[in-house]
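Visitor: I would like a close look at a single part of this protein. Please start with one residue and what surrounds it, and then go on to other places for comparison.

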Amino acid sequence: MNIFNISGLGVEELKRLKGIVSVLANYGFGELFVHLSLPGKFMLPKARKEKLEHPRSVRLRMALEEMGTTFIKLGQFASTRPDYVPREYVKELSKLRDEVNPVEFSEIEDIFIDEWGEQWREKFITFFQKPIAAASIAQVYKARLKNGRLVAVKVRRPGVEKQVSSDLKIISFIARFVEKRYEWAKVIQPGRLVEEFSRALKRELDLKRESVIIRKFKENHRQNREVVIPGVEDEITTEKILIMDFIEGVSLDKADFSPQEKKRIAKLGVNVMMTQILEHGLFHADPHPGNLIYTKDGKLSYLDFGLIGRLSTKMKNGLTGLMLDARSGEPELVLQEMMIQVNIEKEIDKETMIREIMEIMDRNLMVTIDEISIGKTLMDVFDLFRQNRIKIHPAYTMVAKAILTSEETAKSLDRSMNVMKEITPGLKKLYLKKYRPRNVLIALRLLSKDLQRLFEEMPGQMAQILRKLKSGQLEIEFRHVGLEDLIRALDRVSNRISFGLIIAALIVGSSLVIQSEMEPMIFDVPAVGFIGFVIASVMGLWLLWSIIKSGRFK
């Protein structure tokens, strides 16, 4: 049995790891950990029959919910990465909601004292101790500041950073174990996904950073009178406490308004999302109805700026062109745009990919109005590239997920809405915008800098190569790909041969000792020879069992 290195995990983390492995095994994922040896007496439990009645994707969601905060966040993060995660899992993990029972106010008060001191109440005229929302990272209270401003007070839950740090170590350990043990995991590279998740979750824990994001959103939407972004009290906001305007209204999933108003809000939501993605390059990555507020004066507002996405100018222009190409039904242009946006390190079968893109466009765009989906189109295109082992930037898949969520939110309000028709005028306007003189000059300036750097560095690099070639120091590195299985097989064979030689030596040596009749004796047989035969028998049986168990005894 291979024992994977568990160094770096403390005693409490090992206990937590055992609990996590047990939960996963209960839901039918125990086969992943058959070769994991943990200290102490630990038996891998069998999957419960009632759990196995559900599909694997559903069982994974249920297991993540049972394992708590960090794992729910991991599932939510994975649902934004269709380039790593199969479609059925993305759909199921999107159902994860971060709702927990609130912490007692006496514990929350300790955070206020640590951040603001014993006299923290002097900052408020009134402070309502009953939380208006509670999630795994933070909970929110309503209060009124001394200046009369009605605010929402978001407070990080006590001890959450310690729990998250511990769980991230365990998740990283599991990812490394699975990646080392299974070939399919080497393609998916769960370790890289966990690294991205770790960075994202640590950013979400910093409420000071969230206040900066909110201010940027407010600046970006300052000219849109139909959208309200809360202001932030920067002077008293800290890493653990965020003070922002309290928005009067109800979430879209609880709002009750006329059919005509629903149509207006549906169009507004989709257009605002497209503006955030393709113009601002800073977008809310989880615009589900629970995160959108319908205000008392009929405006749209956002909750929870913990999960956001960013796009460079190149990405924004690329996505705009990609959507227009998809709308016009040109699969060759879609593939060409994607090849510009991603780094392709190997030859691809363009004709096959073009046919696949045609299928995707027919399936998602050439259908009835209520079935048209830009988000699904993008996700399918990105999934096609994933299947061909072409890496794309995580921001693209986050965009696809955000657009799909925004579409689903809009369709929940107005099933007859043609999303593509609604956003096309804006897409064309943004596409033409990049050819404005100012933007062309910026592009030329960037290109001239790249060319300048190229011409400055090229002579020195060429001279260095020639010097190494002349002196015989030029080295070319070859890397063998796909020989890992052969190396492991040879390693197993050599180990078994060595083991067999040791057993043979023990048998021969023990036979010679028995013939010598040297004392002490056991059952009238020299003790040393008898013990040698016992050890050889045990080792022989163990070797035979390992060969039978491997299934390679024929």
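Guide: Take Thr 377. Leaving out residues up to four places away in sequence, Thr 377 touches Ile 360, Asn 364 and Leu 365. This is a predicted model, and what follows is computed from it. Thr 377 belongs to helix H15, which spans residues 374-387. Its relative accessibility is 5%, so Thr 377 counts as buried, the cut-off for that word being under 20%.

Helix H15 runs over residues 374-387, and two residues with numbers in that range, Ile 374 and Phe 385, appear again in the largest nonpolar core. That core has 123 residues, and the members touching the most other members are Ile 277, Phe 283, Ile 374 and Phe 385. In soluble globular proteins, nonpolar side chains tend to be buried together.

Phe 283 shows what such a position looks like from the inside. With neighbours within four places in sequence set aside, Phe 283 is in contact with Phe 217, Met 273, Gln 276, Ile 277, Ile 308, Gly 309, Arg 310, Leu 311, Met 398, Val 399 and Ala 402. A second core, separate from the largest one, has 18 residues, among them Ile 108, Phe 112, Val 153 and Ile 241.

Three of the contacts of Phe 283, namely Ile 308, Gly 309 and Arg 310, carry the numbers of strand E11 (308-310). The loop between strand E10 (300-302) and strand E11 holds Asp 304. Asp 304 has a relative accessibility of 34%, so this residue counts as partly exposed. Its phi is near 60°, a positive value in a residue other than glycine. Most residues other than glycine have a negative phi.

Another loop, between helix H6 (105-116) and strand E1 (124-127), contains Glu 122. Glu 122 counts as exposed because its relative accessibility is 51%. Along the chain Glu 122 and Leu 145 are 23 residues apart, and their C-alpha atoms are separated by 8.9 Å.

The last place is a pair of helices. Two packed helices are described by the angle between their axes and the distance between the axes. The axes of helix H4 (residues 69-78) and helix H7 (residues 160-181) come within 9 Å and cross at roughly 60°. That angle makes H4 oblique to H7, and the crossing is right-handed. On the H4 side, Thr 70, Phe 71 and Leu 74 meet Gln 163, Val 164, Asp 167, Leu 168 and Ile 171 of H7. The residues of this contact divide into 5 nonpolar, 2 polar and 1 charged.

Technical notes:
Residues are numbered from 1 along each chain as its sequence is written. This is a predicted model: local features need pLDDT of at least 70, side-chain atom pairs count only at pLDDT 80 or more; totals for chains, interfaces and linings use all residues. Side-chain values use heavy atoms; hydrogens and water are left out. A nonpolar core is a set of buried Ala, Val, Leu, Ile, Met, Phe, Trp, Tyr and Cys residues joined through side-chain atoms within 4.5 Å. Buried means under 20% relative accessible area, exposed over 50%, partly exposed in between (1.4 Å probe, protein chains only). Contact means heavy atoms within 4.5 Å. Helices (H or I, at least four residues) and strands (E, at least two) are DSSP runs, numbered from the N terminus. Axes are lines fitted to C-alpha atoms, for helices over the stretch in contact, and angles run from 0 to 180 degrees between N-to-C directions. Angles under 35 degrees count as roughly parallel, over 145 as roughly antiparallel, 65 to 115 as roughly perpendicular and the rest as oblique. A crossing is left-handed if the near helix is turned anticlockwise from the far one by less than a right angle, and right-handed if clockwise. Ala, Val, Leu, Ile, Met, Phe, Trp, Tyr, Cys and Pro count as nonpolar, Asp, Glu, Lys and Arg as charged, and the others, Gly among them, as polar.
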